[in-house]
Amino acid sequence: MVIRSLLSAAPIERLDAEILLAHVLGIPREKLLFMYNSTVAPSCAAAFSVLSEKRLAGCPVAYLTGEKEFYSLPFSVNEHTLIPRPDTETLVEWAIQHAEGARVLDICTGSGCIGITVAKCGGAKEVTLLDISEEALAVARRNAARHAVSATVLQCDILKETPEGTFDLILSNPPYIETDVIPTLSKDVCAFEPHLALDGGEDGLRYYRIVTSLVPHILKKDGILIFENKELRELMDIKVFVDTDADLRLARRILRDVRERGRSMESVVNQYTQTVKPMHEQFVEPSKKYADVIIPEGGFNSVAVQMLIQNIRSLF
């Protein structure tokens, strides 16, 4: 059958059809675009038809091909891993700036796309890929080998265990969907992507709380923690720990990032001194100097939080 006719008759979006047919033929999609008048073997047409029907039923294209591009790199995926999203590349771009020579921990790694990309493109000294799912970690191992990244793969339930070691850079795209919201998601997500990697608990913040509670134990002095995806205005009760000896300078630095939100320096300094100082002795040992970063009224989006953490680090 002629490729043009196969694509036209497919009951799915044209782009999806082109990707699936290229996959069946074992060629890049770009090459397929110049082969519209070519014919394919009946076996290939039959395989394409099966994949088209699965896509019509909602199965994501990435699961049908077993691959998804992320940060211009190919990554293997399957039903045990979330499909990498372009939005996550923002986290990677920030992390790469701080990865040179760093010990990196990627929490809730899934396919490993975050940690592996940061190690490959950012010159990290070591990378540890952590997940509760052995099936997901098997995929992460394959991806690390595929990209010639030497990675430590660690099965760990962070709800119950604290990872061993300390790290310069901790990255995490944790489950963040509220439990009750998952059934309302699009079919290709709620029916096919692993709920273990989606379910963030009743308010979607379970793993954010856990990861931030681990920071004093596993993040090195001057280290950086970068989260993905969740707007942090909901995290007012979560303490993000950074090492500091300069309280007021830190407050002013926070102000610099939120000035456009209309808050005065007095407001930020007052909130910092009144809220952080009383908590200080409760949350840290006397021998350590950790301070809580207060999320200002109105909150930050994830990029602003990354900028904030970068600026805090530059103080030391």
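**Figure 1. Buried and exposed residues of helix 4 in the predicted model.** In this predicted model, Cys 44, Ala 45, Phe 48, Leu 51 and Ser 52 of helix 4 are buried. These residues lie on the same side of helix 4, because they cover an arc of only 125° around the axis. Pro 42 and Ser 43, on the other side of helix 4, are exposed. The cover over the buried residues of helix 4 includes helix 1 (3–9), helix 2 (14–25) and helix 5 (61–65). Helix 4 itself comprises residues 42–56, which makes 15 residues. From its first C-alpha to its last, helix 4 reaches 21 Å, close to the 21 Å expected at 1.5 Å a residue. After helix 4 comes Gly 58, with a positive phi near 115°.

**Figure 2. The hairpin of strand 1 and strand 2.** Strand 1 consists of residues 67–70 and strand 2 of residues 73–76. The two strands pair in the antiparallel sense, over four bridges. In one of these pairings, Glu 67 has Ser 76 in strand 2 as its bridge partner. Two residues stand between the strands of this hairpin. Tyr 71, in the turn, has a positive phi of about 55°.

**Figure 3. An open sheet of five strands.** Five strands with parallel pairing make up this open sheet, and their order is 5-4-3-6-7. Strand 5 (151–155) and strand 7 (219–227) are the edge strands, each of them pairing on one side only. On average, neighbouring strands of the sheet are turned by 20° against each other, direction ignored. Helix 10 (residues 206–218) packs on the sheet, where it touches strand 3 (103–107), strand 6 (167–172) and strand 7. The direction of helix 10 makes about 165° with that of strand 7.

**Figure 4. The pairing of strand 4 with strand 5.** Strand 4 (residues 126–131) runs parallel to strand 5, and five bridges join the two. Thr 128 has Thr 152 in strand 5 as its bridge partner.

**Figure 5. Two loop residues with positive phi.** Cys 108 is found in the loop between strand 3 and helix 7 (113–122). Its phi is near 60°, a positive value in a residue other than glycine. Ala 148 is found in the loop between helix 8 (134–146) and strand 5. The phi of Ala 148, near 55°, is likewise positive in a residue other than glycine. Ala 148 counts as exposed because its relative accessibility is 72%, and the cut-off for exposed is over 50%.

**Figure 6. The surroundings of Asn 143.** Asn 143 lies in helix 8. This residue counts as buried because its relative accessible area is 0%, whereas the limit for buried is under 20%. Leaving aside residues up to four places away in sequence, Asn 143 touches Phe 75, Ser 76, Ser 111 and Ile 116. Among these contacts, Ser 76 is also the bridge partner of Glu 67.

**Figure 7. The chain as a whole.** The secondary structure of the chain comprises 13 helices and nine strands. Of the 316 residues in the chain, 50% are buried. When contacts between residues at least 6 apart in sequence are considered, 66% of them join residues at least 24 apart. The chain has an accessible surface of about 15,100 Å², and carbon and sulfur atoms account for 50% of this surface.

Definitions and conventions:
Residues are numbered from 1 along each chain as its sequence is written. This is a predicted model: local features need pLDDT of at least 70, side-chain atom pairs count only at pLDDT 80 or more; totals for chains, interfaces and linings use all residues. Side-chain values use heavy atoms; hydrogens and water are left out. Two strands pair if DSSP finds at least two bridges between them. Axes are lines fitted to C-alpha atoms, for helices over the stretch in contact, and angles run from 0 to 180 degrees between N-to-C directions. Contact means heavy atoms within 4.5 Å. The expected span of a helix is 1.5 Å times one less than its number of residues. Buried means under 20% relative accessible area, exposed over 50%, partly exposed in between (1.4 Å probe, protein chains only). The arc is that of the directions from the helix axis to the C-beta atoms. Accessible areas come from the Shrake-Rupley method with a 1.4 Å probe; for residues, only the protein chains shown count as cover.
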